[in-house]
Amino acid sequence: MNIPVALPLDNDGFLRRECPTCLRQFKWHNGPANEEAEQQAPADSYFCPFCAQAALPDQWLTTEQVDHVRGVAIPAAIKSIDDALSEAFKGFKSKNIKVTKTGHLNTPDEPNPLTEADDMMIIASPCHSWEPIKVPDETASPVHCIVCGQAFAI
Ligand SMILES: [Zn+2]
Ligand SMILES: [Zn+2]
């Protein structure tokens, strides 16, 4: 079952991320930020700007995003099971047995959509300047390039 869940971007097109190693948050640009970025091969993994640990591109969900994805996916999954049950009971009849499905599975309410504030400052590494990120305003140098892990000063 594939349930698409939309995650909100801020007004600059950045998506909030959380490092699976140090749990600090930053944002990366969703999709290529410019023409040069469009020429690049998709990354196999990204480096955390703070602790420089690498992780696969799908491992950077924030706690709020995980909760939200679960909150949207579970009602959708229950609804789909409920529909499948209704379908299964349809035409399930014999001379002596009549089965009618009454009621529905209880589906939890979908959570409110997530919102994304326009916080944090945009920085770009000197080595991979086509992949800008946003870090909290109070972030101190050095920061690591998310593409290659190289440290740089901000
Ligand atoms: Zn980290
Ligand atoms: Zn780099």
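The exercises below work through two zinc sites, a strand pairing, a helix and some loop residues of a predicted model.

Residues are numbered from 1 along each chain as its sequence is written, and chains are lettered from A and ligands numbered from 1 in the order in which they are written. In this predicted model local features need pLDDT of at least 70, side-chain atom pairs count only at pLDDT 80 or more, and totals for chains, interfaces and linings use all residues, while side-chain values use heavy atoms, with hydrogens and water left out.

**Exercise 1. Determine which residues coordinate the zinc ion (ligand 1), and the geometry of the site.**

Step 1. Collect the donors, meaning N, O and S atoms within 2.8 Å of the metal (3.2 Å for Na, K and Ca); water is not among the atoms, so sites may look incomplete. The SG atoms of Cys19, Cys22, Cys48 and Cys51 coordinate the zinc ion (ligand 1) at 2.3 Å.

Step 2. Check the angles. Four donors count as tetrahedral if all angles lie between 85 and 135 degrees; four count as square planar and six as octahedral if opposite donors are over 155 degrees apart and all others between 65 and 115; anything else is irregular. Around the zinc ion (ligand 1) the 4 donor atoms subtend 103 to 116 degrees, so the arrangement is tetrahedral. For reference, the ideal angle for four tetrahedral donors is 109.5 degrees.

Step 3. Read the spacing and the accessibility. The donor residues of the zinc ion (ligand 1) follow C-x2-C-x25-C-x2-C in sequence. Buried means under 20% relative accessible area, exposed over 50%, and partly exposed in between (1.4 Å probe, protein chains only). Cysteine 19 is at 0% and therefore counts as buried, whereas cysteine 22, at 28%, is partly exposed.

**Exercise 2. Repeat the analysis for the zinc ion (ligand 2), and locate Cys127 and Cys145.**

Step 1. The donors are Cys127 (SG), His128 (ND1), Cys145 (SG) and Cys148 (SG), at 2.0 to 2.3 Å.

Step 2. The angles among the 4 donor atoms run from 99 to 120 degrees, and the site is tetrahedral.

Step 3. Along the chain the spacing is C-H-x16-C-x2-C. Cysteine 127 is in the loop between β5 (121-123) and β6, and cysteine 145 is in the loop between β7 (143-144) and β8 (151-152), so the pair ties together parts that are 18 residues apart in sequence. These elements are DSSP runs numbered from the N terminus: helices are H or I with at least four residues, strands E with at least two.

Step 4. Cysteine 127 has a relative accessible area of 37% and is partly exposed; cysteine 145, at 2%, is buried.

**Exercise 3. Establish how β2 pairs with β1 and β6, and which residues lead the largest nonpolar core.**

Step 1. Two strands pair if DSSP finds at least two bridges between them. β1 and β2 run antiparallel and are joined by 5 bridges, with glutamate 18 opposite glutamine 25 in β2. The two strands form a hairpin with 6 residues between them, and leucine 23 in the turn has a positive phi of about 65 degrees.

Step 2. β2 also pairs with β6, antiparallel, over 2 bridges. There, lysine 27 has lysine 134 in β6 as its bridge partner.

Step 3. In β2, 4 of 5 residues are buried. A nonpolar core is a set of buried Ala, Val, Leu, Ile, Met, Phe, Trp, Tyr and Cys residues joined through side-chain atoms within 4.5 Å. The largest one has 16 residues, and Phe26, Trp28, Trp60, Ile123, Ile133, Val135 and Ile146 have the most contacts inside it. β2 (25-29) and β6 (133-135) are the elements that give two or more residues to this core.

**Exercise 4. Compare the span of helix α2 with its expected value, and find what its buried side packs against.**

Step 1. The expected span is 1.5 Å times one less than the number of residues. α2 (residues 63-89) has 27 residues and reaches 39 Å from first to last C-alpha, close to the 39 Å expected.

Step 2. Gln65, His68, Val72, Pro75, Ala77 and Asp82 are buried in α2. The buried residues of α2 pack against β1 (14-18), where contact means heavy atoms within 4.5 Å.

**Exercise 5. Describe the backbone at proline 142 and methionine 120.**

Step 1. The peptide bond from serine 141 to proline 142 is cis, with omega near -5 degrees. Proline 142 lies in the loop between β6 and β7.

Step 2. Methionine 120 is not a glycine, yet has a positive phi of about 75 degrees. Methionine 120 is in the loop between α2 and β5 and is buried at 15%.
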